[in-house]
Amino acid sequence: MSEFIKIKSNQNENLLKKETASNWKSEKENHMELKNFDFTKKIFFHPEKITEYKEGKRPFPTTIEIDLTNRCNHRCSFCNYAEHIGVEADKPSLDTELIKKTLKEAKELGTKGISFTGGGESTIHKDYLQIIEYAHEIGLDLGNITNGSTITIRNVDTFIKNLQWIRVSMAGGDRESYKKVQGVDQFELIVRNLELLSKRKEELKSDINIGIRTLVTPDNVQTLEVFAETIKSLNINYFQLAPDEFTTDKGEFWNSENTQQIFKNVKNILASNDINLLTTTFMKAQENLDYPQTCHAHFFMIAILAEGDVIFCKNARTKNSFHIGNIYKQTLKEIWASEKTKDIEKWVKPNNCELFCKHMAINNTLEGILNPGPDESPSFVG
C-alpha cells in the first residue's frame, strides 16, 4: 500500500470515528438519563450482614415488605395483583396482635426496616395507625407506599412522626388521566393530601422523605408537565417516573423523543425547588441473568402477605413455590430455618426463577464481593 493510500485510509478512519462519536453524543444528548435510588450503595450500610454472609452464615433479612391488607379503595389498571384484592370486608387483613408480635420478633432477629405496601392499600387496615406507632416505638424504621387517599388533618401527624418515608402513587397528572389509570375520581383529593403532608412536614420540622410515583403511560405522559407545575412548590423530596416493566414495545415509548423531551421539561420545572426527578430500574437489569451464581437478595429482603404467608422473594407474591411459611402457624425464626427456605436457596438464581428481577443491583454487588474475578486482587485497594 502506498503512503498516499495509507494517509487517506487513516483520514477516512478518523472521519468515521468522529462521525460515529458525534452520532453517539447526539443520541445520548437526546436521551435523558434519570437517576435512581442507589441500591448498590444501600447494601454497604449493613457491613455486618455482608460479613455474616461471607462467613457462610444466613443473616436474617434487613428489610421486610408487609401487606397489612388485601382490601383496596382504588382500581388501578396497572395493578398486577388486582385479582387478589378488593374493597370487600372478607378480603384478608393481618391480625393486629399477630403482626405486632411478628414485628417484635423481626426486630430481635435483625430486621431494621419495614415497608408497608400491598397487596391492597395498607392505610385502610383498621389498626394501621396503631401498628405504625408500635413499630416505631420498638425501634424499627418504617416506610409506606400508599395511594394517599386516607391522609387527613386528624391523622397526618401520626404519619409524619412515625414514618421515615412515604411514597404516594399518582397515576396521572390531571383529573381525567388519573381517573382512567387509577380507577377512581380522586385526583383533587390526593393533591390536597399532598399539600397537607407538605405543610405539616414543614410545621413539625420533620425530615420525613416524601415522594410521588407515576407509572408513565401513553394515557398520562402529556399531563406530567402540568402536574410538575402543581407540585413544584411542595415540600417533597422526589418525583419518580416509572416505565411499564411488562411493556412489549422494548422501551420504544419510554425512549421516544417526545417522552424524553417531556421528562427534560419536568426536570427543569422541579429543579426550581430542588425536587429530584427519579426513575426505576428497567430492561438493562435483565440483559445478563447468568452472572450471579445464586440469588443473594433474599438475605436482605423478604415479604409477608395479608394472608400471613412469608415469601422468599417480594417479587413472587403470586407464586406458591416461593411461599416458605405462614406467621399464623410458625414463628419467623422457624420459617427462616425451615428446609423449604434452605431448599429454595440451593437452586434459585436470576436465570431460573422466571421473574422480572428487581434485585439485580443487590445480586450483582454481592456476587462481586463473594466471588471476585481472578484479576480483581481484592487485597489491593487503589
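# Briefing on a predicted single-chain model

In helix α14, the buried residues are M360, I362, N363, T365, L366 and E367. These buried residues of α14 pack against two other helices, α2 (39-43) and α3 (47-54). The model is a predicted one. The chain contains 14 helices and 10 strands, and 47% of its 382 residues count as buried.

**Overall figures**

- Among contacts in the chain between residues at least 6 apart in sequence, 74% join residues at least 24 apart.
- The chain has an accessible surface of about 19900 Å², and carbon and sulfur atoms account for 50% of that surface.

**The sheet**

- The 10 strands of an open sheet follow the order β7-β6-β5-β4-β3-β2-β1-β8-β9-β10, and the pairing is mixed.
- At the edges of this sheet are β7 (276-278) and β10 (323-326), each of which pairs on one side only.
- From one strand to the next, the twist averages 20 degrees.
- Strand β6 (residues 238-242) and β7 run parallel and are joined by 3 bridges.
- F239 has L277, in β7, as its bridge partner.
- Helix α9 lies across β5 (209-215) and β6, and α9 runs at about 160 degrees to β6.

**Aromatic residues**

- The count of aromatic pairs comes to 11.
- In the pair F187 and F227, the ring centres are 6.2 Å apart and the planes stand at 55 degrees, so the pair is tilted.
- This pair links distant parts of the chain: F187 belongs to helix α8 (residues 187-203) and F227 to helix α9 (residues 224-231), with their positions 40 residues apart in sequence.
- Both F187 and F227 are buried.
- One aromatic cluster is formed by Y53, F60, F299 and W336.

**Cysteines**

- The structure holds 0 disulfides.
- C295 takes part in no disulfide, and the nearest cysteine sulfur, which belongs to C313, is 6.1 Å away. A disulfide would need the two sulfur atoms within 2.5 Å.
- C295 has a relative accessible area of 11% and is therefore buried.
- C72 also counts as buried, because its relative accessibility is 9%. The cut-off for buried is under 20% relative accessible area.

**V348 and its surroundings**

- V348 sits in the loop between α13 (339-347) and α14 (360-370).
- With a relative accessibility of 3%, V348 counts as buried.
- Leaving aside neighbours within four places in sequence, V348 is in contact with T294, C295, F312, F322 and C353. One of these contacts, C295, is itself buried.
- V348 and Q293 are 55 residues apart in sequence, while their C-alpha atoms are 8.9 Å apart in space.

How values were computed
Residues numbered from 1 in each chain as written. Predicted model: local features only at pLDDT ≥ 70, side-chain atom pairs only at ≥ 80, totals over all residues. Heavy atoms only, no water. Helix = DSSP H or I, 4+ residues; strand = E, 2+ residues; numbered from the N terminus. Buried < 20%, exposed > 50% of the residue type's maximum accessible area, 1.4 Å probe, protein only. Contact = heavy atoms within 4.5 Å. Areas by Shrake-Rupley, 256 points an atom, 1.4 Å probe, with all protein chains shown as cover. Phe/Tyr/Trp six-rings, centres within 6.5 Å; stacked < 30°, edge-to-face > 60°. Pairing = 2+ DSSP bridges. Axes fitted to C-alpha atoms, helices over the stretch in contact; angles between N-to-C directions.
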